[in-house]
Amino acid sequence: MLQQTQVATVIPYYHRFLDRFPDPRTLANATEDEVFKLWAGLGYYRRARQLHAAAKQIVALHSGQFPRNLDAVLALPGVGRYTAQAILSFAHDDKLGIVEANTQRLYARLLYLTDPLPWSTSQKQLWDFAERIVPRKGCGEFNQAMMEIGSQLCTPRNPNCAECPLLPLCPTGERQHTDRVPAPKDKKIITPLTEAAILVRNSSAQWLVRRCKSGERWAGLWDFPRIDVSDCDGELGRNDKIQRAMRDEFGVKGERPTPSSPPSAARRRGS
DNA sequence: AACACGGGGAC
DNA sequence: GTCCCAGTGTT
């Protein structure tokens with residue numbers, strides 16, 4: 001859950017999830033639908049599917065006991081080097097380093113690493129550093145302490161170098177170069193997109209939904225019929241494309257607006 | 001190496 | 001608005 005998601009956001013989901021799925025076997029026996037239900041709203045839904053698959057793998061290959069060995073943990077779906085080494089260092093104090101958002105930024109500054117962080121050469125330097133600095137004992141606590149310094153003091157903007165115990169060891173902080181190390185990421189280009197969602201309800205208050213196709217956003221998830229109308233010019237063009245999509249893509253015969261039928265709010269808006 | 005994946009927090 | 005978040009898997 002914590003992959004690319006802030007701790008404070010995760011906490012309520014985490015409690016509800018563990019309440020329902022307290023161990024790998026319970027999770028493995030659940031349906032995907034129920035797993036998704038407790039994940040809904042968190043985003044990155046692939047993680048839910050992978051966690052479910054990981055639970056099944058733990059039952060199938062490890063008798064329902066979470067594996068103790070690095071290669072076995074790394075082989076779980078959705079578990080990469082960071083997650084595997086975090087788990088084993090926290091849970092068993094294995095002597096393993098970690099690089100994630102917080103320690104990546106902190107270690108880049110301690111190394112005065114000016115290369116872009118996505119470069120494989122940068123990643124290697126960060127992981128080598130992470131593995132080199134961990135103590136033989138108390139490694140898990142050390143890793144979490146580094147993450148805490150990264151998140152509470154060594155922040156992306158305006159880090160609190162004055163209160164940082166590592167300032168004497170930090171060339172970036174000493175030179176006040178925290179605004180250029182690590183190197184700022186390339187600006188993300190946003191492509192404008194306008195979509196229409198079509199809400200169809202029958203007399204039993206059931207709503208029409210569909211499963212998103214692969215290659216499409218939210219592939220495999222359920223959604224209202226939804227189409228890209230970015231290329232449409234004005235309400236008439238949009239409604240026309242929506243009508244066609246309803247018929248051709250979704251096989252639904254839309255009720256044609258007639259002058260006699262009272263115009264709904266949705267129709268007026270062209271939604 | 002670059003990209004997709006999601007929703008929200010912080011400023 | 002903009003940047004970023006306890007990354008991973010795929011292309």
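How many residues of the surface near DNA strand B are nonpolar, polar and charged? The tour of this predicted model begins at that surface, where the residues divide into 4 nonpolar, 7 polar and 1 charged.

**Stop 1: DNA strand B**

Select DNA strand B together with the residues around it: Gln4, Thr5, Gln6, Thr9, Gly41, Leu42, Gly43, Tyr44, Tyr45, Arg46, Ser120 and Trp218. Of the atoms of DNA strand B that come within 4 Å of the protein, 58% belong to sugar and phosphate.

Next, restrict the view to Gln4, where a polar backbone atom is 3.1 Å from a base nitrogen of DNA strand B. Then select Tyr45, which has a backbone N or O atom 2.6 Å from a phosphate oxygen of this strand. Finish with Ser120: here a polar side-chain atom lies 3.0 Å from a phosphate oxygen of DNA strand B.

**Stop 2: helices H3 and H4**

Select residues 32-39, helix H3, and residues 46-62, helix H4. Their axes come within 10 Å and cross at roughly 135 degrees; the two helices are therefore oblique to each other. The crossing of H3 past H4 is right-handed.

To display the contact, show the side chains of Glu32, Val35, Phe36 and Trp39 on H3, and those of Arg47, Ala48, Arg49, Leu51 and His52 on H4. By class, the residues of this contact comprise 5 nonpolar, 1 polar and 3 charged.

**Stop 3: DNA strand C**

Move to DNA strand C, which has 23 residues around it. Gly78, Gly80, Thr83, Arg105 and Met147 come nearest among these. Sugar and phosphate supply 66% of the atoms of DNA strand C that come within 4 Å of the protein.

Three selections show individual polar contacts with phosphate oxygens of this strand. At Gly80, a polar backbone atom is 2.8 Å from a phosphate oxygen of DNA strand C. At Thr83, the atom to display is a polar side-chain atom, 2.7 Å from a phosphate oxygen. At Ala101, a backbone N or O atom lies 2.8 Å from a phosphate oxygen.

Now colour helix H6 (81-92) and helix H7 (101-110), the elements that give two or more residues to the surface near DNA strand C. Which helix gives the most to this surface? The answer is H6, with 4 residues.

To close the tour, colour the surface near DNA strand C by residue class: 10 residues are nonpolar, 8 are polar and 5 are charged.

Conventions:
Residues numbered from 1 in each chain as written. Chains lettered and ligands numbered in written order. Predicted model: local features only at pLDDT ≥ 70, side-chain atom pairs only at ≥ 80, totals over all residues. Heavy atoms only, no water. Near = heavy atom within 4 Å. Polar contact = N/O pair within 3.5 Å; in protein donor to acceptor, adjacent residues only side chain to side chain. Nonpolar A, V, L, I, M, F, W, Y, C, P; charged D, E, K, R; others polar. Axes fitted to C-alpha atoms, helices over the stretch in contact; angles between N-to-C directions. Parallel < 35°, antiparallel > 145°, perpendicular 65-115°, else oblique. Left-handed = near helix turned anticlockwise from the far one by under 90°. Contact = heavy atoms within 4.5 Å.
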